[in-house]
Amino acid sequence: MGRMHSWGKGISRRCLPYKKTAPNWIQMSVSDLSDQICKLAKKGMTPSQIGVLLRDSNGIPQVDYITGSKIGRILRKNGLAPKIPEDLYHLIKKAVAIRKHLERNNKDKDSKFRLILVESRIHRLARYYRPVSYTHLTLPTTPYV
């Protein structure tokens, strides 16, 4: 899929190994790993920060290869998931920073334009995370004769 607000085609992506089993060097059990994820989340870390920390300090490449579920799902199961998704949170944080900048520099036309782009991304993500309403299916269908 192409980029939303640029000319690029966007072909770079992460390359995960084809084999989806846990590596041999991991000696941690599923329950220990889930407990450690919950402990790190209670400290206030986001799911991506937890993944980076587990990768760098414990040598765990992918949590879902070991546990069978991703970090966000483990946190949701234990009631520790963030209220709004991480990607949406960071976009909102960026929009707030741009608005704060525009309060001081109200003639900055480029920042006004970038704020519009960031807010359109926020609306698109919010539409993705919002539950789908099926009101068009509940309307009575009458044939036009």
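Let me begin with the aromatic rings, because a search of the whole structure finds 1 aromatic pair, where rings of Phe, Tyr and Trp (its six-membered ring) pair if their centres lie within 6.5 Å. That pair is formed by Tyr-128 and Tyr-129, with 5.0 Å centre to centre and 70° between the planes, and it is edge-to-face because planes over 60 degrees apart count as such, while those under 30 are stacked and the rest are tilted.

Before going further, I should say that this is a predicted model, in which local features need pLDDT of at least 70 and side-chain atom pairs count only at pLDDT 80 or more, whereas totals for chains, interfaces and linings use all residues. Residues are numbered from 1 along each chain as its sequence is written, and side-chain values use heavy atoms, with hydrogens and water left out.

How exposed are the two tyrosines? Tyr-128 is exposed, with a relative accessible area of 61%, and Tyr-129 is partly exposed, at 36% (with a 1.4 Å probe and protein chains only, buried is under 20%, exposed over 50%, and partly exposed in between).

Tyr-129 lies in helix α6, residues 109-129, helices here being DSSP runs of H or I with at least four residues, numbered from the N terminus. Not counting residues up to four places away in sequence, Tyr-129 touches Pro-85, Asp-87 and Leu-88, contact meaning heavy atoms within 4.5 Å. With Asp-87 there is also a side-chain to side-chain polar contact of 3.0 Å, that is, a pair of N or O atoms within 3.5 Å, one able to donate a hydrogen and the other to accept it, and residues adjacent in sequence count only if both atoms are side-chain atoms.

Turning to the interior, the largest nonpolar core (buried Ala, Val, Leu, Ile, Met, Phe, Trp, Tyr and Cys residues joined through side-chain atoms within 4.5 Å) has 13 residues. Two or more residues each come from α1, α2 (47-58), α3 (63-67) and α4 (71-77), and the largest share, 4 residues, is from α1. A second, separate core of 9 residues includes Leu-88, Leu-91, Val-118 and Leu-125.

Finally, on confidence, the mean pLDDT, the predictor's confidence in each residue from 0 to 100, is 88. Among the elements, helix α7 (residues 135-138) has the lowest mean, 49, and helix α1 (residues 30-42) the highest, 96. Where pLDDT is low, the predicted coordinates should not be read in detail.
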